[in-house]
Amino acid sequence: MSAAPVLPPDPAHDLDWMARALDLARGAVGLSDPNPRVGCVIVGADGSVLGRGHTQQAGGPHAEVMALRDAQARGTSVAGATAYVTLEPCSHHGRTPPCCDALIAARIGRVVAALQDPNPQVAGRGLARLRAAGIDTRLLPPDSTPARGARELNIGFLSRMVRGLPWVRLKIAASLDGRTALPDGQSQWITGEAARADGHAWRARAAALLTGAGTVLDDDPRLDVRGTPVARQPVLVVVDSRLQTPPTARLFDAERPVWFYAAVEAAAADALKARGAHITRRPDARGKVDLAAVMADLARREINELHVEAGHKLAGSLLREGLVDELLVYLAPKLIGEGLAMFHRPTQPSPLAALADAPAFAFHSVETIGEDLRILARPRGRDLF
C-alpha cells in the first residue's frame, strides 16, 4: 500500500483531512454510544500526522483527547498544529472534561470541525471558546462530503438531540413480490447469506434492537449480533402488551439488557424479571403499548439508533404512527406468491382513497448485497433536522 500523500493543513486540503478523521470516527460505531461517533486527526505544519483517535466508550476519552494522547505517545508537540474533528469539540463537563480545554492546553493552532454539535450544552459554544482562546476555527459547509458523512454516521445522536427521539430503522427481508414468509410463517431463508451478514452489521450499529411478542412467540429468536465483532451487544427491546414472552425464550441467552414494554400488569412479570428483564408499562387508550411513548422513553434512556425487526403487525403500527425514520429492505430475486406481506395495513378507518394519499418515501441508497438488493428509504423530509 502506498503512503498517503503529504498535505499541508490549510483550507485547500481541509476536506481531504476531514475524510481521514471520518474514517477514524467509524471505529466508534458500536463503542461510543450514547456519545456521538467522532474522529480526530492532528496535522503538523509540514503535513505530518501527529496524532489520531476516535471516541471511546461512554465515560472514556473523546476523539480529541485520544489524538492528543497519541501525539504524546509519539513524543511530538502539537503546538500550532491543526486538529480536524468530525464534530464540534465539547465545551461542558459531562462524563468527561471539556475537549475544548484539552485542545487549548495543548496549544493547538487551528481547529476544523465537520459538524456543529446539536447538544444544547454545546451548540456552538465549543468553537466559540476555542476562538476566544485565540485558536483559528472553521466549520465545514453542511453540504460538503465529510459533513454529510459525519451527519449520517451520527444520525441517531442528532435525532435524539434535536427531536428527543431515537432514529428508528425498520429492517425487512422480502421477496420481489413483497412477501416476508410463506402462508404458514416459514421465512428462513428468503435472502442470501451475504444479506443476512449485512443485516447483522446494521444490528451492531444500533444501540438497541426492537421486536414484538409475536415474533418472539413464533420464531423464538436470539436477536443478537453474530458474525460481526462488537464491543457490546445492543439492548433488546420487546413490545409485549400482556407479557406473553416465556422466561425460557432464547432472547435471554445473550449477554445484554432486555427491556420489556407492556400495557398491563401480569403475573408473568416476576418470572421475566428473574431472567433479568426490565419491565415498563406504557399503555395507550386501547389497552396496547403506546409506541410513541416507548420511543420517547428510549430517547430518555439515551438510545440513539433503534433497529427494528418485527412482524408485519408491529411494523405496520410503527409506520401508521409515523415512527419509522428509515426502511432497510432486502429484496431477494424470488417470487413467493401467497404469503405474509411486509406490513399490516388495516382498512379501518378507511383504505386509501387515492394513490396521492400513500405515504411517500425517497430512496436514500440502493445497492446489491450478494444476490439480493438492499434499499434504504426514508419518508420525504424525515432526515432534515
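Q: Which two domains does the domain assignment give for the chain?
A: The bounds come from an automatic or database domain assignment, and they refer to a predicted model in which local features need pLDDT of at least 70, side-chain atom pairs count only at pLDDT 80 or more, and totals for chains, interfaces and linings use all residues. Residues are numbered from 1 along each chain as its sequence is written, while side-chain values use heavy atoms and leave out hydrogens and water. On this basis the assignment gives domain 1 (11–153) and domain 2 (165–379).

Q: How many residues does the contact take from domain 1 and from domain 2?
A: The C-alpha centres of domain 1 and domain 2 lie 35 Å apart. Counting as contact any heavy atoms within 4.5 Å, the contact takes from domain 1 ten residues and from domain 2 ten residues.

Q: Which residues of domain 1 lose the most area to domain 2?
A: Buried area is the accessible area (1.4 Å probe) that two parts lose on being put together, summed over both, and between domain 1 and domain 2 this is about 810 Å², with carbon and sulfur atoms giving 33%. On the side of domain 1, 50% of what is buried comes together from the residues that lose the most area, namely Gly 30, Asp 33 and Glu 152.

Q: Which residue forms a salt bridge with Arg 378?
A: A salt bridge here is a side-chain nitrogen of Lys or Arg within 4 Å of a carboxyl oxygen of Asp or Glu, and between domain 1 and domain 2 the count is two salt bridges. For Arg 378, the closest N and O atoms of the pair are 2.6 Å apart, and the partner is Glu 152.

Q: Why is Cys 90 not bonded to the closest cysteine sulfur, and how far away is that sulfur?
A: A disulfide is a pair of cysteine sulfur atoms within 2.5 Å, and by this rule the count comes to zero disulfides. Cys 90 counts as buried at 7% relative accessibility, and Cys 99 is buried as well, with a relative accessible area of 1%, where buried means under 20%, exposed over 50% and partly exposed in between (1.4 Å probe, protein chains only). The sulfur of Cys 90 remains unbonded because the closest cysteine sulfur, in Cys 99, is too far for a bond, at 3.7 Å.
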